[in-house]
Protein chains: 2
Amino acid sequence: MRWEGLRPTLLFLFEGEEERGSPHLGEYLSLLSGRLAADLWLVCDGPVHQSGRPQISLGVRGVMDLEIEVYGPAGDLHSGHYGNWAPNPADLLARLLATMRDDEGRLVVAGAEGPEPDRGALRLAGAVPDPPGMGFPPPGGDSYAARLLRPLLNVRGLRSGDVGAASRNAVPTSAVASIDVRLVAGQEPGEVVAAIERHVAGEGFHLVEGTPSPETRRAHRRIARVSSEVGYPGVRIPGDDRRVREIAAAVAAASGEDPVILPSFGGSVPLHHFAEALGAPPLILPIANHDNGQHGPDENLRVANLWYGIDLYAALLGQAEPRSG
Amino acid sequence: MRWEGLRPTLLFLFEGEEERGSPHLGEYLSLLSGRLAADLWLVCDGPVHQSGRPQISLGVRGVMDLEIEVYGPAGDLHSGHYGNWAPNPADLLARLLATMRDDEGRLVVAGAEGPEPDRGALRLAGAVPDPPGMGFPPPGGDSYAARLLRPLLNVRGLRSGDVGAASRNAVPTSAVASIDVRLVAGQEPGEVVAAIERHVAGEGFHLVEGTPSPETRRAHRRIARVSSEVGYPGVRIPGDDRRVREIAAAVAAASGEDPVILPSFGGSVPLHHFAEALGAPPLILPIANHDNGQHGPDENLRVANLWYGIDLYAALLGQAEPRSG
């Protein structure tokens with residue numbers, strides 16, 4: 001079986017630029033693709049399951065940044081005199097955003113919903129316990145893990161005019177939404193941006209590249225700019241891949257606990273470079289503590305989890321005959 | 001006729017606190033109501049019509065400030081892990097705002113739409129030319145002046161999370177909209193606040209007075225705070241009031257131009273104090289230049305308009321026999 005092929009040759013790869021988007025990883029993997037061909041790559045990044053059980057993830061979501069700016073009058077307009085007439089960009093942006101997610105928070109932009117997850121992935125997702133502490137179940141009857149098999153449009157920031165003591169009774173000149181989109185395997189960032197631009201245009205907005213001139217503002221009631229920044233696709237090993245069962249059995253034998261098998265992490269790691277350069281995405285077997293404060297100011301790795309990781313990978317790689325699933 | 005009663009006694013009132021909400025005007029008028037009774041009060045505040053023609057306004061709108069804050073998780077949550085599950089306050093606020101105005105910018109909160117304008121006011125509104133320079137007609141087929149007979153909900157500011165370089169891929173903890181509401185005659189600010197609170201609750205939000213505790217956040221998917229600040233009602237003389245025709249004829253005789261008769265200004269002046277203390281609202285016959293940059297950093301009064309105001313009021317008050325309408 002292919003698993004046995006891991007025994008004679010172990011390849012180790014250390015990546016120090018992941019948090020800044022891994023700008024050189026793809027080129028590196030491509031240049032060395034002949035020497036880096038492997039039956040399976042394992043990635044140790046990320047936390048174990050929130051329950052403390054070992055966790056295997058079959059994939060990650062991609063990510064891209066979006067900024068949508070809607071334009072109103074060229075200068076602040078007295079709301080009493082012109083508020084019933086002039087387009088209000090904060091209102092128009094709110095109405096636009098309301099068309100991009102449904103009542104239960106799902107992305108509903110045509111062409112950006114992503115492919116249907118495979119049955120194996122949905123079956124695995126059904127067996128993943130929901131993380132504790134959320135207070136209410138995931139909306140729409142889905143499980144937490146099943147929801148991660150769908151893309152996400154997250155509004156991470158809004159700015160328009162002023163609030164609080166600085167607010168003035170005026171129609172603001174523009175309104176900005178900062179958005180991150182999480183992409184599932186099979187979605188190309190460029191296609192998703194194009195779908196979102198089509199959606200915005202379909203909502204009646206005249207699309208511009210930068211701040212519109214007063215003439216452009218007088219010619220169109222609805223004007224928007226859609227800018228996208230960095231982005232990379234998600235990748236995912238199908239839920240019924242035989243190697244997953246084999247690794248899961250090996251992890252159970254090594255750790256003494258059945259691992260949680262997550263069909264995809266919700267977060268993003270640029271593992272697509274492996275798929276593009278080496279033909280297949282890696283499997284993720286994370287070792288960090290579940291309460292590692294990821295991306296927070298207090299992100300940490302418990303020393304116990306460093307030892308856990310060493311023990312787990314040593315036992316895993318040293319197993320001659322993993323239990324077969 | 002009543003007009004003649006103005007000749008023997010002229011009362012002059014100078015108010016220096018209008019831009020800070022006239023906190024003492026109502027008390028002053030009430031204390032002196034016996035001495036301030038008059039057939040008609042004229043107010044000279046505000047600009048002439050944008051065309052340069054004299055302008056008479058039969059009323060003003062009221063105003064009040066609103067702040068709506070929608071709450072999400074107690075701390076920023078990683079959007080990849082929790083964005084498909086945790087309520088996003090920026091998204092929920094956008095969806096809520098989208099229910100409060102229609103596609104053409106009309107306030108559509110039940111109980112806050114205000115009374116139907118009288119026919120006389122609508123007839124007058126139909127004769128008012130739209131101000132130039134807006135680039136497109138008022139939405140919904142209304143004239144500019146007819147729209148001012150309706151209340152307005154103006155979103156003057158939005159704040160949530162961060163945008164631009166400061167943005168982070170997280171679900172923000174709250175989202176704020178700063179709003180000013182323009183009220184038409186017949187609307188009480190307190191009733192409008194109550195209607196808006198009912199609307200927000202009707203959209204599924206649990207209403208709180210201040211920042212909710214983590215327990216409250218875990219117990220409700222949708223949490224909002226609705227705060228209102230200052231506010232006063234609008235007032236308006238009915239469109240078919242006989243004195244309006246008489247004053248209009250006198251202005252035409254004095255200035256040599258037919259005045260534009262606006263059934264209500266869009267802006268707000270606390271003239272309700274006159275209605276409350278003296279039984280009737282004043283009529284507004286403004287003298288400032290049309291391009292006076294009202295409420296801007298360069299607000300100004302042209303010297304020529306000071307002379308115009310002196311000439312107009314002198315001629316008006318000195319007319320023995322105004323043309324009768």
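The following paragraphs describe the domains, the chain interface, the shared sheet and the helix packing of a predicted two-chain model.

Chain A is divided into two domains, each built from two separate stretches of sequence. Domain 1 of chain A comprises residues 2–61 together with 245–318, whereas domain 2 of chain A comprises 62–107 together with 151–232. Taken over C-alpha atoms, the centres of these two domains lie 37 Å from each other. The contact between them involves seven residues of domain 1 of chain A and eight residues of domain 2 of chain A. On the domain 1 side, the touching residues comprise five polar, one nonpolar and one charged.

The association of the two chains brings 56 residues of chain A into contact with 56 residues of chain B. On chain A, the elements that each supply at least two residues to this interface are helices H3 (79–82), H4, H6 (144–147) and H8 (214–219), along with strands S6 (152–161), S7 (170–171) and S8 (174–183). The greatest contribution to the chain A side comes from S6(A), which gives nine residues. In terms of residue class, the chain A side holds 22 polar, 20 nonpolar and 14 charged residues.

One component of the interface is a pair of helices. Helix H4 (residues 89–98) of chain A packs against helix H4 (residues 89–98) of chain B, with the axes 8 Å apart and an angle of about 110° between them. H4(A) is therefore roughly perpendicular to H4(B). The crossing of H4(A) past H4(B) is left-handed. On H4(A) the participating residues are A:Asp91, A:Ala94, A:Arg95, A:Leu97 and A:Ala98, and they meet B:Asp91, B:Ala94, B:Arg95, B:Leu97 and B:Ala98 of H4(B). Six nonpolar and four charged residues make up this contact, with no polar residue among them.

Strand pairing also links the chains. S6(A) and strand S6 (residues 152–161) of chain B run antiparallel and are joined over five bridges. Within this pairing, A:Gly161 has B:Gly157 of S6(B) as its bridge partner. The S6 strands occupy adjacent positions in an open sheet of 10 strands with mixed pairing. The strand order is S9(A)-S10(A)-S4(A)-S8(A)-S6(A)-S6(B)-S8(B)-S4(B)-S10(B)-S9(B). The edges are formed by strand S9 (206–208) of chain A and strand S9 (206–207) of chain B; each has a single partner strand, so one side of each lacks a neighbour in the sheet.

Within the chain B part of the sheet, strand S4 (residues 62–71) and strand S10 (residues 223–232) of chain B pair in the antiparallel sense over eight bridges. In this pairing, B:Glu67 is placed opposite B:Ser227 of S10(B). Helix H7 (residues 189–202) of chain B packs on the sheet and touches S4, strand S8 (174–183), S9 and S10 of chain B. The direction of H7 of chain B makes about 165° with that of S10(B). A further pair of facing residues consists of B:Val70 and B:Ala224, the latter in S10(B). S10(B) also pairs with S9(B), here in the parallel sense and over two bridges. B:His206 stands opposite B:Ile223 of S10(B).

Helix packing within each chain was examined for H9 and H11. In chain A, helix H9 (residues 242–255) and helix H11 (residues 303–318) pack with their axes 9 Å apart at an angle of about 120°. H9(A) and H11(A) are therefore oblique to each other, and H9(A) passes H11(A) in a right-handed crossing. H9(A) contributes A:Ala250, A:Val251, A:Ala254 and A:Ser255 to the contact, while H11(A) contributes A:Leu312, A:Ala315 and A:Leu316. By class, the contact of H9(A) with H11(A) has six nonpolar residues, one polar residue and no charged residue.

In chain B, the axes of helix H9 (residues 242–255) and helix H11 (residues 303–318) come within 9 Å and cross at roughly 120°. The two helices H9(B) and H11(B) are therefore oblique to each other, with a right-handed crossing of H9(B) past H11(B). B:Ala250, B:Val251, B:Ala254 and B:Ser255 of H9(B) make the contact with B:Leu312, B:Ala315 and B:Leu316 of H11(B). The residues of this contact divide into six nonpolar, one polar and no charged.

Key: Residues are numbered from 1 along each chain as its sequence is written. Chains are lettered from A and ligands numbered from 1 in the order in which they are written. This is a predicted model: local features need pLDDT of at least 70, side-chain atom pairs count only at pLDDT 80 or more; totals for chains, interfaces and linings use all residues. Domain bounds come from an automatic or database domain assignment. Ala, Val, Leu, Ile, Met, Phe, Trp, Tyr, Cys and Pro count as nonpolar, Asp, Glu, Lys and Arg as charged, and the others, Gly among them, as polar. Axes are lines fitted to C-alpha atoms, for helices over the stretch in contact, and angles run from 0 to 180 degrees between N-to-C directions. Helices (H or I, at least four residues) and strands (E, at least two) are DSSP runs, numbered from the N terminus. Angles under 35 degrees count as roughly parallel, over 145 as roughly antiparallel, 65 to 115 as roughly perpendicular and the rest as oblique. A crossing is left-handed if the near helix is turned anticlockwise from the far one by less than a right angle, and right-handed if clockwise. Two strands pair if DSSP finds at least two bridges between them.
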